[in-house]
Amino acid sequence: MLTVLNEMCMKMESRSVNEGFARQVVAAFLAQLDPTMEELNDIKTVVSEAVTNAIVHGYRDSLGYITVSVRLLAGRTVEIKVRDRGCGIEDVSQARQPMFTTGDDSRSGMGFTIMESFTDHLRVRSAPGRGTVVTLIRTLSDRRGTPA
């Protein structure tokens, strides 16, 4: 059983202006662990990617809600979940491939690849018509620069 040291949850509309808000709230919450700047930037990036995916791909041209929850676990491990109740992903394996996108030409299709490269573990659960949950896990280094 994992020991939860602290947790938070927020719910927001799937408006593009809320992506930056989510990123800053998560960063402020993580400050209590005194992460390095690199760790903080990595986590802000993955939150940004996950929330943007929910806005752009999950809800497409509609408005819905996105829930971002963060749990601080023993051993300086951070678990972040980004959940939407949007259209869901037809084929998660395909969606996780670099360069795949359901968006327009302005989308790079690198969201999941970026999330995977900045976390220790990435899990994507989705059901068409029911939404998607992206779980991101990252263990922060101790202040000597090694994993705790």
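How many disulfides does a search of the whole structure find? Zero. Keep in mind as you go that this is a predicted model.

**Stop 1: two cysteines.** Select C9. This residue is exposed, with a relative accessible area of 55%. Now select C87. Here the relative accessible area is 25%, which makes C87 partly exposed.

**Stop 2: the sheet.** Show the strands. Five of them form an open sheet, in the order β1-β2-β3-β5-β4. The pairing is antiparallel. Go to the edges: β1 stands at one and β4 (residues 121-127) at the other. Each has a single partner strand, so one side of each lacks a neighbour in the sheet. Turn the view to follow the twist, which averages 10 degrees from one strand to the next.

**Stop 3: β2 and β3.** Select residues 65-73 for β2 and 77-84 for β3. The two strands run antiparallel and are joined by eight bridges. For one bridge pair, pick V68, then its partner V82 in β3.

**Stop 4: helix α1 on the sheet.** Keep β2 and β3 in view and add β1 (4-13). Helix α1 packs on the sheet and touches these three strands, β1, β2 and β3. The direction of α1 makes about 165 degrees with that of β1.

**Stop 5: the buried side of α1.** Select residues 17-30. Which residues of this helix are buried? They are N18, E19, G20, A22, V26, A27, F29 and L30. Show their surroundings. These buried residues pack against β1, β2 and β3, and also against helix α2 (37-58).

Terms used: Residues are numbered from 1 along each chain as its sequence is written. This is a predicted model: local features need pLDDT of at least 70, side-chain atom pairs count only at pLDDT 80 or more; totals for chains, interfaces and linings use all residues. Side-chain values use heavy atoms; hydrogens and water are left out. Buried means under 20% relative accessible area, exposed over 50%, partly exposed in between (1.4 Å probe, protein chains only). Helices (H or I, at least four residues) and strands (E, at least two) are DSSP runs, numbered from the N terminus. Contact means heavy atoms within 4.5 Å. A disulfide is a pair of cysteine sulfur atoms within 2.5 Å. Two strands pair if DSSP finds at least two bridges between them. Axes are lines fitted to C-alpha atoms, for helices over the stretch in contact, and angles run from 0 to 180 degrees between N-to-C directions.
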